[in-house]
Amino acid sequence: MGRKGILENIRLPARASMWYIGANIVSKVIAIAVTPFLTRIQSEEDYGAFALYISVLGIASVAVSAFTSGSSVYKGLGEFSNEKGSYFKSIFLASAAFSVIICTLLFAFSYLLPINRDVIPLILLQMIFDSAVAVYLSGARFSYLYKPVVVISIFESLLSPILAIAWLRASGGGYKIRIYSMLITSFIAAAYALYRILEERGKVQFSFLKYSIRSSLSLLPHSLAGALSAQSDKLIFTAMLGNAALARYSVAHSVGAGLSFVVGGLGAALSPWIMRRLNAKEDERIYEICELIFKGLAAATIALIALAPEAMLILAPPEYSEALVAILPIALSVLPSYIHLITTVILVQFDKSKYTSYSSVITLASGVLLNFLLIPSMQYFGAGLALLISQGLGALISLRFMHKLCGVSLPTKSFLYYFILSIFFGALALGLYQHLALRVLLLTIPAVIMLGSLFSTERLIREK
């Protein structure tokens, strides 16, 4: 392929990736900027109770997100591009109905969870609002219409915490205020998204409903297991150590998982791009781009771990720094999660969705078991270590399935090499937490790696 063809194939996804990552950076900056206010306005109990609510909402929402976003929706948009209005309306109806089912089950079995039943109707409303937004944004991402994605993402990130802070200062506290603030913001975004969905031509079609349910249910174990795997540490943490300990761990988790927004932004642009490259039989492009991204992500992970102590002190009172040790394994867990994202897209494109579900269920089972084993003895570090090991296991299994069933090659050796480097330098940074000057010196290493990755990307785009 000539240079012109390469530029055409990569320029738009690259531009979209930059916009998505930029929006996620802004959203993350907003979250960081408001966290010091929220951790000081609210008690640890209230902060922990809201974190628990978000965990339960995340589990329930991810079960529905199989209908509204991700690889299965992109695949459908590729097949029904001439009837996308009917397809959008059909998958929104399916997701709304499934939200009711999920929340009914959640209400029935709420006695098994440390959460009040009276917030479950709020979870249902949040899921329906989020479904409308997710359906609209999935279509925008597939077409690389990145401006609506950016505007809505920043709007939701900005209004909800500002409203919550103003409300908390006026009323004096309560974790439900943050829930109501999030609902109000989501309602506004959902109203706009629904307007855009409904103005598209076409009506709900049974064939699209059937397609959506069939394709989404095949990925449901993967989505649900992924959500449970990501949130099981917080649920078990609450049950064993209480809301106050969860508040501290949640802040550490938000710092450690800070680069997940980069993975999310890349995934939003890479997923449809990878599917198009597979259709064009251009597997080598996927190999090269994935290697360069992983290299840069590993370098950024080292930098994040090195600066974690200062981040924790900015975000929360000094007592929250008790959970600082969890940041090392949590930050490292983002690397295998990136691999799992890429392999999931490829398996879905080859109609092997059930195998990504198998790897996700194994990830979940190992994570829950490790949490029960490690949290009582190692507390914060144990929860982070359980997350890292389970995510690594899931990535290895999904890679194995992908290579065996799809015949697509990824730079596995490079992944392993940079992952080991990240562990080594991350552990070194952890040992230097009392020495800021040495940690700043250590940052030159990931800076050189990231520059090398950028220069390699430029050469890749320029080659003929």
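Which helix does Gln379 lie in?

**Exercise 1. Place Gln379 and describe its backbone and exposure.**

Solution. The model is predicted: local features need pLDDT of at least 70, side-chain atom pairs count only at pLDDT 80 or more, and totals for chains, interfaces and linings use all residues. Residues are numbered from 1 along each chain as its sequence is written, and side-chain values use heavy atoms, with hydrogens and water left out.

- Step 1. Gln379 lies in helix 14. Helices (H or I, at least four residues) and strands (E, at least two) are DSSP runs, numbered from the N terminus.
- Step 2. Gln379 is not a glycine, yet has a positive phi of about 50°.
- Step 3. With a relative accessible area of 32%, Gln379 is partly exposed. Buried means under 20% relative accessible area, exposed over 50%, and partly exposed in between (1.4 Å probe, protein chains only).

**Exercise 2. Describe Ala365 and its distance to Ser390.**

Solution.

- Step 1. Ala365 is in helix 14 and is partly exposed, at a relative accessible area of 46%.
- Step 2. In sequence, Ala365 and Ser390 are 25 residues apart; in space, they are 8.3 Å apart, C-alpha to C-alpha.

**Exercise 3. Characterise the packing of helix 9 against helix 14.**

Solution.

- Step 1. Helix 9 covers residues 243–256 and helix 14 residues 353–406; their axes come within 11 Å and cross at roughly 50°. Axes are lines fitted to C-alpha atoms, for helices over the stretch in contact, and angles run from 0 to 180 degrees between N-to-C directions.
- Step 2. The two helices, 9 and 14, are therefore oblique to each other. Angles under 35 degrees count as roughly parallel, over 145 as roughly antiparallel, 65 to 115 as roughly perpendicular and the rest as oblique.
- Step 3. The crossing of helix 9 and helix 14 is right-handed; that is, the near helix is turned clockwise from the far one by less than a right angle, whereas anticlockwise would be left-handed.
- Step 4. From helix 9, Ala245, Arg248, Tyr249 and His253 meet Tyr380, Ala383, Gly384 and Leu387 of helix 14. Contact means heavy atoms within 4.5 Å.
- Step 5. By class, this contact has five nonpolar, two polar and one charged residues. Ala, Val, Leu, Ile, Met, Phe, Trp, Tyr, Cys and Pro count as nonpolar, Asp, Glu, Lys and Arg as charged, and the others, Gly among them, as polar.

**Exercise 4. Do the same for helix 11 and helix 13, and locate Thr301.**

Solution.

- Step 1. Helix 11 (residues 283–306) packs on helix 13 (residues 327–349) at an angle of about 165°, the axes being 9 Å apart. That makes helix 11 roughly antiparallel to helix 13.
- Step 2. The crossing of helix 11 and helix 13 is right-handed. Among the contact residues are Phe294, Leu297 and Thr301 of helix 11 and Ala331, Leu332 and Leu335 of helix 13.
- Step 3. The contact of helix 11 with helix 13 has 15 nonpolar, one polar and no charged residues.
- Step 4. Thr301 is in helix 11 and is buried, with a relative accessible area of 0%. Leaving out residues up to four places away in sequence, Thr301 touches Leu259, Ala331, Leu332 and Leu335.

**Exercise 5. Find the buried face of helix 12.**

Solution.

- Step 1. Helix 12 (residues 308–315) has the buried residues Ala308, Pro309, Met312 and Leu315.
- Step 2. Seen down the axis of helix 12, its buried residues fall within an arc of 135°, so they line one face of the helix. The arc is that of the directions from the helix axis to the C-beta atoms.
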